Amino acid sequence: MTAAGTAAPAVTTRPAVVRGLRTTDLLILSIGTFTLGVDGFVLSGLLPQVASSLHVSPSTAGQLTTLFALIYALGSPVIAAVAGNWDRRALLAVGMTVFIAGIIVQATGPDFAAVAAGRVLAALGAAAYQATAYSTAGILSDDEHRARSLAVVAGGSSVAIVAGLPFGILVGQTWGWRTAMWVLVALALLSTLAIGLLPSAHAPRLSLRQRGQALTDRRVLGILAGTVTVLTPSFLIIAYLPAIMHASGIWIVIAILAYGAGQVTGTILVPRLIQRRSARTALQLGACGVTILTAILTATRTLHPAATITMAGLGLAVGLTIVPQQHRLFATVPKLAPVAVGLNGSAIYIASALGAALGGIALATGGSITPTITAAIIGLVAVTIATTTARLEA
């Protein structure tokens, strides 16, 4: 397949072809995932400014993030089921357009209710775009190239961790949070225009009953349980990092940047690990790394240079877990993969919500040392699930 309106050149003349996708196509998809990732981190970095502007408390402003996660988690599988037979390019464009509308509502919203409505729209658009981006990369890739394709698309989200937080702090201190929203609109418009260069593609045609099977397939549910448990520890740590490290300002920024750089590195390395070993092995290594490093953070958390190194390692471990889960879904239930990948996106946001909730409980009940211990215990659960679900895929 080629971009609409162009002649179909021989596959051998196109560099880095991944069946129906060029490297350029994958980078276009990653621009979108980068934009969505920056949105989440920019808002987190601007919560004090948002709260002051909307005349609410910082804790209330923080619920905008919770609302986004909840709507994404509920909307992703529904959109994947209802629009599963749409052309992938059209669904990507619709998703990014809805996301843009949500960001504009936030940028112009006069009060908390209006901005919250914008977060709902943005979450629905993000759910439509992100699940479709991953399913497109998987559908149009053969077995040999699928891990690399998924890693390139996931790389946009990983790079957003590195770029989003400092960008948010810079814009918040200089021009205000609404300006950051307009910059996001510009990024999203660029992504929307680039979507037109992608090849046309459809997911396998499934009935509504077949699409619903993904919700009851034991293999899918086992993989989703692995996603939730392996990512919850990192979300827990990030949500409460200032309290855990007894730090603020520059050290938190450095620690988050180290984490993001580690995740980018893990995402780059994981395709080769999947090819040489397996996606399940990559997940197990990542889960073990998450468990060990959150436990180490218990000891290094107040030694800021050591804590930063630990966070880099944690990011690396997390980078080894995201692509393998998507790859396992394509390998295990190829016909249901478009819906299953949407469910996996929901699992990621469920992990985000659980991390925030469990971390808050741990911090309130046991002090600043308890969140890292809680994260390590959840990591052990993730290792167990990653090991025991292997037989379900056989």
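This is a short tour of a predicted model, stop by stop, for you to follow in your viewer.

**Stop 1: the whole chain**

Start with everything shown as a cartoon. You will find 16 helices and zero strands. The chain has 394 residues, and 56% of them count as buried. Now switch on the surface: its accessible area comes to about 15,500 Å², and 70% of that belongs to carbon and sulfur atoms. Among contacts with a separation of 6 or more, 83% are made by residues 24 or more positions apart.

**Stop 2: the largest core**

Next, select Leu29, Val50, Phe99 and Tyr129. These have the most contacts inside the largest nonpolar core, which has 61 residues. Which helix gives this core its largest share? Color residues 112-139 to see helix α5, which supplies eleven residues. As background, nonpolar side chains in soluble globular proteins tend to be buried together.

Stay with Phe99 for a moment and show what surrounds it. Leaving out residues up to four places away in sequence, Phe99 touches Thr35, Leu36, Asp39, Leu121, Ala122, Gly125, Ala126 and Ala188.

**Stop 3: glycine 95**

Now select Gly95, which lies in helix α4, residues 88-108. Is Gly95 buried or exposed? Gly95 counts as buried because its relative accessible area is 1%, below the 20% cut-off. Beyond its neighbours within four places in sequence, Gly95 is in contact with Gly125, Ala126, Ala128 and Tyr129. Try a distance label here too: the C-alpha atoms of Gly95 and Thr132 are 8.8 Å apart, although 37 residues separate them along the chain.

**Stop 4: a second core**

Select Leu231, Leu236, Tyr259 and Ala307. They are included in a second, separate core of 30 residues.

**Stop 5: helix α16**

Color residues 370-388. This is α16, with 19 residues, and it reaches 27 Å from its first C-alpha to its last, close to the 27 Å expected. Its buried residues include Thr370, Pro371, Ile378, Gly379 and Ile385. What covers them? The cover includes α9 (218-239), α10 (241-245), α12 (279-300) and α15.

**Stop 6: a nonpolar patch outside**

Finish on α15, residues 337-366, where you can pick out Ile350. Ile350 counts as partly exposed because its relative accessible area is 39%, which falls between the 20% and 50% cut-offs. Add Leu354, Leu358 and Ile361 to your selection: with Ile350 they form a nonpolar patch on the surface, and together they have about 320 Å² of accessible area.

Methods: Residues are numbered from 1 along each chain as its sequence is written. This is a predicted model: local features need pLDDT of at least 70, side-chain atom pairs count only at pLDDT 80 or more; totals for chains, interfaces and linings use all residues. Side-chain values use heavy atoms; hydrogens and water are left out. Patches are made of residues with over 30% relative accessible area and no salt bridge: like charges are joined within 9 Å, nonpolar side chains (Val, Leu, Ile, Met, Phe, Trp, Tyr) within 5 Å. Accessible areas come from the Shrake-Rupley method with a 1.4 Å probe; for residues, only the protein chains shown count as cover. A salt bridge is a side-chain nitrogen of Lys or Arg within 4 Å of a carboxyl oxygen of Asp or Glu. Helices (H or I, at least four residues) and strands (E, at least two) are DSSP runs, numbered from the N terminus. Buried means under 20% relative accessible area, exposed over 50%, partly exposed in between (1.4 Å probe, protein chains only). A nonpolar core is a set of buried Ala, Val, Leu, Ile, Met, Phe, Trp, Tyr and Cys residues joined through side-chain atoms within 4.5 Å. Contact means heavy atoms within 4.5 Å. The expected span of a helix is 1.5 Å times one less than its number of residues.
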